[in-house]
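User: I would like to go through some of the labels assigned to this structure and see what each of them rests on.

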Amino acid sequence: MLKRRLYGFWMISFLLFSFCTTAQVKMSVIPSKTVVQQNESFQLQFMVEGASQIDDFTPPSFRNFEQLSGFDQTNGWTWVNGSLSEYITYTITLRPKIKGRLPIASAIVKAKGRIATSSPIVIFVKEAGATKQIEEERPDYYLMPNENLKDKVAKNLFIKATIDKNSCYVGEPVLATFKLFTRLDSESKIVKRPSLNGFSVVDMEQPETGIFSKEMYNGKMYNCYLIRKVQLFPLQSGLLTIEPVEVENLVRMIRARARSKKETNTWLDAVMEKVKESEYSNGDVVQETIILKSDSLKVNVLDLPEKNKPESFDGAVGNFSMEASLLNKTIAANDYATLRVVIKGKGNLPMITAPTVHWPSGVDSFDAKLSEVIDKHNAPISGVKTFDIPFAVSKTGLFTIPKINFTYFDEQSKTYHTLSSDSLQLNVTAAVKRKTPVFNDEPIVKEGLPRWVWVAGVGSGLLVLIAGIFFVQHKREKKAQQKMIVPQQVEEELEPQKTMDAYLQPATFVLQGLHPKQFYTLLLQGLQDFLIERLNLQTKTVSNAQIVRELQQKNWPDLATQFQQLSQACELAIFSPMEITDDREQLMQQSKELMQEVDQRI
């Protein structure tokens, strides 16, 4: 039995193999073709997911098919939602003996003490053409004589970049997907990620089945690896370009030599004879490094219509609903109340900011607190955004908050829709009187010496005590300065606000170093420390999500999106088993631009 190992797009380091997987064992069957001619061969693959070892594999009976090979076993691993998932496949090459609808029963596998079965399938076999010669199904990892390696790789290993629309409005979501298709034995790593300038970007969640899948393309079955799947929101009109992704691939092939001793009718028969005669050796393996590049994509972005555009429109594109309510309908004067505005729907939800509220006289409002729940599994993304706006009223009486308007553009109907809440009433009662401590103005001394004598005596004693404390403290500081002159000077110099360059200095130092992951770690740390200091956050509890929320609460959604993209890019490079080394200078420049913008707005 010919055994080979297919190295997928995501190469996982050997340290990850020690993790235990709890995935459920399941089995599926994948035919390379479901309609064949009577003399035509095809491949049938049984895939067992969630297991690294198989106790027993029982294939179905192929009574109406000729078995042209034994089972070719493939082992692999995928990294799915933070856990290791393993799979094993069994592939066999068949040729139908008769025509008609030929059923293939279920295969049975036993793994981890459990039994799993595949679904039965039907292969439709047509009568072979009298004059047309049927080409046999060839294993693609063999390089035949007179076959060009690069041409063969181009047919069996490629990247496809797709978008769900070529034209849209500003703010209208566009789904972009980058996939690697392969039928070869190869190792791959990203060397250049797609540039998404001009868009606000939200990465989609990986599907439940993980980044590895089987997909049919042009009548052939491929192993398909998801490179990236993102929701793009155009920020400007014009013809925007999505730059290509580049992937470096180390491809291995077996060079076939036509040395079979007996004549054969088909190519596949010759290969089977050569396998039996053990005519392959290590010298027959060919390796080639090839850079793959996806096509660049163009998106024509249109300006939103000016006709009938309401004044309340603030860039929301999609389909939404809105609710507004008061969490407290009665408060005391000078106390706080909260206005809650909830926006639900699908579209460019991450870019939506709090609607404008026309507060009545005597009301002081504060920055809105944002919370959101977003579903990133489907496109366009959907979810709920909640804005809690605290406010205070200093006067008593019945206050009416006018209706709140929220306008969005529906790209399907190409019209604007304005949603309005009911007016809200708040009853403000008299301020609550708080108890304050009462101090009796009694004389310090009721009898004896005059009061000024006691005051002078106490004051003199305090002066002597303060002078003594100052003298002792001065001697201690002098000793400390003699022992640690340099550290003290450093602390005094760090007292003023650190500059942007100071936060980026560690990452700048290793920018051209040999350890890319060190750069991404230091860059992310510098960016986090800068925003923590500028936004006055608590360093013990801060996280990237909290920084994003803080920027959004300041009504800086564009900066929140920029920071989210930078932090995701750094974390992807830090934790990915692949080396991403081409975008360091670009990320450094984007970090500087974000810091400069924050300083300007503050």
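User: Which residue forms a salt bridge with Lys189, and what makes the contact a salt bridge?

Analyst: In this predicted model, the partner of Lys189 is Glu248, with the closest N and O atoms 3.9 Å apart. The cut-off is a side-chain nitrogen of Lys or Arg within 4 Å of a carboxyl oxygen of Asp or Glu, so the pair at 3.9 Å qualifies. Lys189 belongs to strand 16 (residues 185-192) and Glu248 to strand 21 (residues 246-255), 59 residues apart.

User: Why is Lys189 called partly exposed?

Analyst: Its relative accessibility is 29%, and because buried means under 20% and exposed over 50%, the value falls in between. Glu248, with 28%, is partly exposed by that reasoning.

User: How do you know whether Lys385 is buried or exposed?

Analyst: Lys385 has a relative accessibility of 1%, which is under 20%, so the residue counts as buried. Its side chain meets that of Glu372 in a salt bridge (4.0 Å, N to O). Lys385 lies in strand 29 (residues 382-393) and Glu372 in strand 28 (residues 369-375), so the salt bridge ties together parts 13 residues apart in sequence. Glu372, at 34%, is partly exposed.

User: What makes Glu533 and Arg534 a salt bridge, and which residues share the network?

Analyst: Their side chains meet at 2.4 Å, N to O, which is within 4 Å and therefore satisfies the criterion. Glu533 is partly exposed at 29%, whereas Arg534 is buried at 10%. Salt bridges with shared partners join Glu533, Arg534 and Asp599 into one network.

Notes: Residues numbered from 1 in each chain as written. Predicted model: local features only at pLDDT ≥ 70, side-chain atom pairs only at ≥ 80, totals over all residues. Heavy atoms only, no water. Helix = DSSP H or I, 4+ residues; strand = E, 2+ residues; numbered from the N terminus. Buried < 20%, exposed > 50% of the residue type's maximum accessible area, 1.4 Å probe, protein only.
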